[in-house]
Structure formats: structure tokens, C-alpha cells
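Hi,

Here is the structure I promised to pass on. Have a look at it first, and my notes on what turned up follow underneath.

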Amino acid sequence: MAAASPVESLQEEATCPVCLEYFTDPVTLECGHNFCRACIAQCWEGPDTAASCPQCRETVQQRNLRPNRQLANILEIAKRLSFQAAKGAGGGGVCGEHQEALKLFCEEDQTPICVVCDRSRAHRAHRVVPIQEAAQEYKEKIQAHLKTLREEREKLLGLKVTGEKRSQEYLKQTETERQKIVSEFQQLRQLLEEQERLLLAQLEKLDKEIVKIQNENITKLSEGISHLSELIREMEGKCQKPASGFLQDVRSTLSRCEKGKFQQPEEISPELEERVSDFSQKTIVLTETLRKFKDTLPSALETQIGESLGAHRQANVTLDPDTAHPHLVQSEGGKSVRWGDMRQRLPNNPERFDTEHCVLGCEGFTSGRHCWEVEIGGGQRWAVGVARESVGRKGRISLSPERGIWAVGQWGDQFWALTSPVTLLSRSRAPSRIRVCLDCGRAQVTFIDAGDEAPIFTFPPGSVPGERIRPWLGVGPGSRLRLCP
């Protein structure tokens with residue numbers, strides 16, 4: 001075995017034989033051996049005035065403890081020499097507690113340690129490996145994650161390019177349909193002015209939906225690319241660090257790598273693509289019909305256009321007091337509801353919600369297209385939508401389509417669609433007035449910002465089952481909702 005260096009010999013002499021760490025407040029016994037004051041006090045617990053030395057077992061008097069100031073000075077010199085020796089060895093990895101080089105890695109605590117730490121109680125029972133061996137193992141894991149992250153970034157870049165191209169094709173197609181519609185309606189301007197306005201408005205909404213989806217996808221893709229690029233740069237930089245610095249917080253680094261995968265944004269929905277295609281077919285039908293009937297517009301065509309545009313009949317909705325949770329206070333006419341601080345003493349009839357803070361509308365719909373508007377009067381916890389007639393009224397219920405509720409709402413400062421799981425809607429703020437559009441024929445419900453006519457969210461066709469559907473409102477503390485006339 002190679003002889004110990006002078007520095008290591010000095011370090012050993014400056015180590016307490018009880019705690020195996022550098023002396024703290026060293027004292028000398030009658031036998032000449034040295035210990036930390038706290039360590040020898042712990043060994044001599046009890047009222048006896050005579051005890052034995054933990055090292056040589058010679059009996060000594062407890063009161064004859066002499067501070068060893070020379071040893072304390074030597075201890076400071078040993079710490080400085082250890083620090084300089086570790087620093088001169090390269091890497092700059094030094095134990096903050098013992099000023100020793102960080103040559104080992106504790107697998108249990110996931111942290112670099114020095115040889116003194118390894119002998120201490122804190123790490124004595126832990127699995128310890130050389131730091132270079134641990135660094136190589138974790139570097140291989142990081143490199144594997146880097147490969148996956150780079151592949152994810154390439155996928156997102158490809159999706160961004162494909163999405164932009166597809167959106168431009170859809171916009172070009174809608175522009176073509178716009179020109180056809182305008183050209184045909186110019187011949188019958190007086191008779192078809194209203195129909196032309198409605199068709200153009202539908203196309204405008206379709207444009208907004210396409211642009212909105214594209215903007216959301218570009219934003220998500222750009223954020224994902226930026227996030228992955230930043231994470232890759234950070235990982236590449238970390239891999240260049242010395243082993244001790246590289247292994248600092250390595251568990252957190254691996255966790256961030258594993259969570260770095262970015263969820264791909266949804267493409268333009270088949271429903272939207274179908275609507276663009278349907279509009280093209282409707283335009284062809286309209287063009288041929290107008291060429292045959294330049295002087296009059298047959299009633300059959302009026303019906304067809306009305307159905308194509310999906311006009312919804314304004315419904316006069318009122319709230320059903322027999323269904324309202326006892327914490328909800330309704331106006332006399334049943335047009336508004338607010339949160340009440342006191343729970344009202346109301347009969348617990350089968351129709352009443354007893355746990356969820358919500359209320360149903362009196363009206364129910366099984367066919368046709370219907371719409372109504374709800375004004376949001378403050379509060380940060382509310383929801384607006386529809387529910388099936390058979391929705392559960394007692395106990396805790398999940399506010400989701402699976403339980404018969406289709407709605408959007410606000411929780412805190414975020415705006416959600418109550419899908420399963422919920423969908424965070426990318427809006428800077430919740431609208432102050434929401435239009436609910438129920439299409440029983442297509443079994444779908446759409447939510448529109450009544451202020452700027454922008455679409456908010458649509459539960460796709462077939463989502464709402466073929467049973468009686470009623471308006472539904474959820475009201476939390478501080479919130480107030482009003483059905484607009």
C-alpha cells in the first residue's frame with residue numbers, strides 16, 4: 001500500500017476518533033488523547049466523576065478536560081491544505097463541510113461526497129461509487145434523453161410547416177368560394193341581399209376558426225420548440241461540466257428530461273375540413289339554382305339555404321327553482337342566479353342538486369336548433385352549458401360529458417371547456433357574454449363569444465345524446481349569471 005501523503009496524514013491527525021470528522025472544540029484527556037468536547041461528553045453520559053478514555057480505556061477524571069488550542073490551530077491549517085490540494089487536483093469539486101475533494105458519489109442521496117463524508121454516519125451504510133464511474137453512467141442516460149429531445153424538436157418543426165401549408169390551402173379554398181358567392185348574388189342583389197350577408201358571415205366565421213386554430217398551433221409549436229431548444233442547450237452545457245458539477249441535482253435534471261416531451265397540437269379537425277368541403281358543395285348547388293331562377297327564388301331554395309346556414313331559434317330560457325342548489329339565490333322572474341352566503345332552507349325534492357352548486361333551465365329540447373345568451377356578472381368560479389334531463393342531482397357528480405353535462409367555465413384566472421379531461425381554452429380572459437347554440441339534429445353544442453362573435457368551443461356532432469336537453473348553469477362563490485332577454 002502506498003504511503004499516505006503529508007496532507008492526508010495531517011487530515012487523519014485532525015480527525016476525531018469518535019465522530020470521524022474534523023475536531024470541533026478539541027479537548028485533551030489525562031492520557032494525552034484528543035476528542036471533540038461534544039463527543040467525549042456524549043461518551044461519558046452519567047453522574048460519575050471518573051470514566052475511561054474511548055481510545056486507550058485508561059481511567060481519567062471527567063473534570064480534567066483541557067482545551068487543546070494548538071490542535072485547533074492545526075485543524076485550521078489542515079482544512080486549508082485540504083482545500084488547496086483538492087483545488088490543485090483540478091475540477092474544483094470540494095466538500096463544503098470537510099474541504100475535501102469530491103471523489104465519490106452516493107447513490108442513495110444522489111450527490112457527490114468526499115472520503116470523510118463516506119466514513120461519516122450520514123453515508124456509512126449507503127452505496128458509494130467513484131465519481132467518474134457515476135458521471136459516465138449518468139452521462140449516457142442524459143445523452144439518450146438528448147437524442148429523444150432532438151427527435152421531438154424535428155417532429156414539431158415538421159408539424160409547424162405542414163400545418164401552415166394546410167391552413168393556407170383551406171384559406172385559399174374559402175376565398176375561392178367567397179368569390180363565387182359574390183359573383184352569383186350580384187345578379188339578384190335586391191332579392192338575395194340578406195342571404196348573401198349570411199353566407200359571407202358564415203365564411204368569415206369559418207376563416208376565423210381556421211386562423212384561430214393555426215395561430216394556436218403555431219404558438220404551441222413555437223413554445224414547444226423554444227422549450228426543447230432551451231432544455232437541449234442546458235443539457236449540452238451540463239454535459240461539459242466536471243463530474244462533480246455535472247452530478248449536482250442530477251435527479252432533477254433527469255426528471256426534466258423525461259418531462260421534456262411536448263404534446264403535439266391537434267390538427268385542423270375533420271369536422272372543420274368537412275365544413276369547408278360542405279360549403280363548396282352548397283355553393284355549387286346555389287350557383288346552379290340561381291342560374292335557373294334569376295327572377296324568383298323558390299321557397300325550396302330558401303329552406304335549403306336556411307338549413308345550410310344552420311340558423312338557431314332564440315329560446316326564451318328561465319331557471320327552474322326546484323332544481324337549484326340551496327346556496328343559489330334566483331331572481332323573481334327566473335332570469336338570474338347568484339351565490340348566496342347562507343344556505344337556504346328548501347325542500348330536498350328529487351329534482352334538486354344537493355351537492356353541486358348548479359341549476360337547470362325550465363325548458364327542454366329534443367329537436368331543432370336553439371340558442372340563448374348568458375351574461376357573466378363577476379366571480380371567478382362559474383360554468384355555462386347544457387345537461388341531459390337525467391343528469392344526477394344527488395351527491396358529488398363529475399362535470400363532464402360522461403355524466404351528462406356539456407359546458408365551459410372559469411376557475412380562477414383560467415377558462416376551461418369541461419371535457420374529459422378538461423381543456424384549457426387559449427383566451428386572455430373569459431367572455432362577459434356567452435351564446436349557447438344547441439343543435440339537436442346534429443347532437444352538438446357550440447359556445448360563442450356574443451361580444452365579438454368569435455367561436456369559443458364546440459362539442460362535436462354526436463356528443464349530446466338523443467334525449468331531452470336542458471340549459472345548465474354552475475355558480476360558485478361571488479358569481480352571478482343572468483339569462484339575457
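Let's start with the inside. The largest nonpolar core has 36 residues, and the ones that touch the most other members are Trp372, Val445 and Leu481. Please keep in mind throughout that this is a predicted model.

Leucine 481 is a good place to centre your viewer. Leaving aside neighbours within four places in sequence, leucine 481 is in contact with residues including Val337, Val374, Ile376, Trp382, Val384, Leu473 and Val475. The contacts of leucine 481 also include Lys335, Ser336, Glu375 and Gly474. Apart from that core lies another one, of 31 residues, and among them are Cys117, Val129, Leu149 and Ile225. As background, nonpolar side chains tend to be buried together in soluble globular proteins.

Next, a sheet. There is an open one of six strands, antiparallel in its pairing, and the order runs β12-β21-β14-β15-β16-β17. Which strands sit at the edges? They are β12 (358-360) and β17, each of which pairs on one side only. The partner of β12 is β21 (residues 469-475), and the two run antiparallel over three bridges. If you want a landmark there, cysteine 358 stands opposite glycine 474 in β21. Glycine 474 also turns up among the contacts of leucine 481, so to speak a handy way to get from the sheet back to the core residue you started from.Now the charged pairs. How many salt bridges does a search of the whole structure find? The count is 19. These are the ones I'd look at:

- Aspartate 25 and arginine 37 meet through their side chains, at 2.9 Å from N to O. The pair links distant parts of the chain, twelve residues apart: aspartate 25 is in the loop between α1 (6-13) and β1 (26-28), and arginine 37 is in helix α2 (residues 37-43). Aspartate 25 is partly exposed at 42% relative accessibility, and arginine 37 is partly exposed at 32%.
- Aspartate 207 forms a salt bridge with arginine 178, and their closest N and O atoms are 2.6 Å apart. Aspartate 207 belongs to helix α6 (residues 189-239) and arginine 178 to helix α5 (residues 131-185), so this salt bridge ties together parts that are 29 residues apart in sequence. Both aspartate 207 and arginine 178 are buried.
- Lysine 212 and glutamate 216 form a salt bridge with the closest N and O atoms 2.7 Å apart. Both lie in helix α6, four residues apart, which is about one turn of the helix. Lysine 212 is partly exposed, with a relative accessible area of 28%.
- Asp320, Glu389, Arg393, Arg468 and Arg470 are linked in a network of salt bridges.

On to the cysteines, in case you were wondering about disulfides. A search of the whole structure finds zero of them. Why is there no bond between cysteine 16 and cysteine 36? The sulfur of cysteine 36 is the closest cysteine sulfur to that of cysteine 16, but at 3.8 Å it is too far for a bond; the cut-off for a disulfide is 2.5 Å. The relation holds from the other side too, as the closest cysteine sulfur to that of cysteine 36 is in cysteine 16. Cysteine 16 is buried at 0% relative accessibility, and cysteine 36 is buried with a relative accessible area of 3%.

Finally, some backbone details to check by eye. The peptide bond from serine 420 to proline 421 is cis, with omega near 0°. Proline 421 is in the loop between β16 (414-417) and β17 (423-424).

There are also positive phi values in residues other than glycine. Arginine 57 has phi near 70° and lies in the loop between β3 (50-52) and β4 (59-61). Is alanine 443, with phi near 55°, buried or exposed? Alanine 443 counts as buried, at 15% relative accessibility, whereas arginine 57 is exposed, with a relative accessible area of 60%. You'll find alanine 443 in the loop between β18 (433-439) and β19 (444-449).

Cheers

Key. Residues are numbered from 1 along each chain as its sequence is written. This is a predicted model: local features need pLDDT of at least 70, side-chain atom pairs count only at pLDDT 80 or more; totals for chains, interfaces and linings use all residues. Side-chain values use heavy atoms; hydrogens and water are left out. Buried means under 20% relative accessible area, exposed over 50%, partly exposed in between (1.4 Å probe, protein chains only). Two strands pair if DSSP finds at least two bridges between them. A salt bridge is a side-chain nitrogen of Lys or Arg within 4 Å of a carboxyl oxygen of Asp or Glu. A nonpolar core is a set of buried Ala, Val, Leu, Ile, Met, Phe, Trp, Tyr and Cys residues joined through side-chain atoms within 4.5 Å. Contact means heavy atoms within 4.5 Å.
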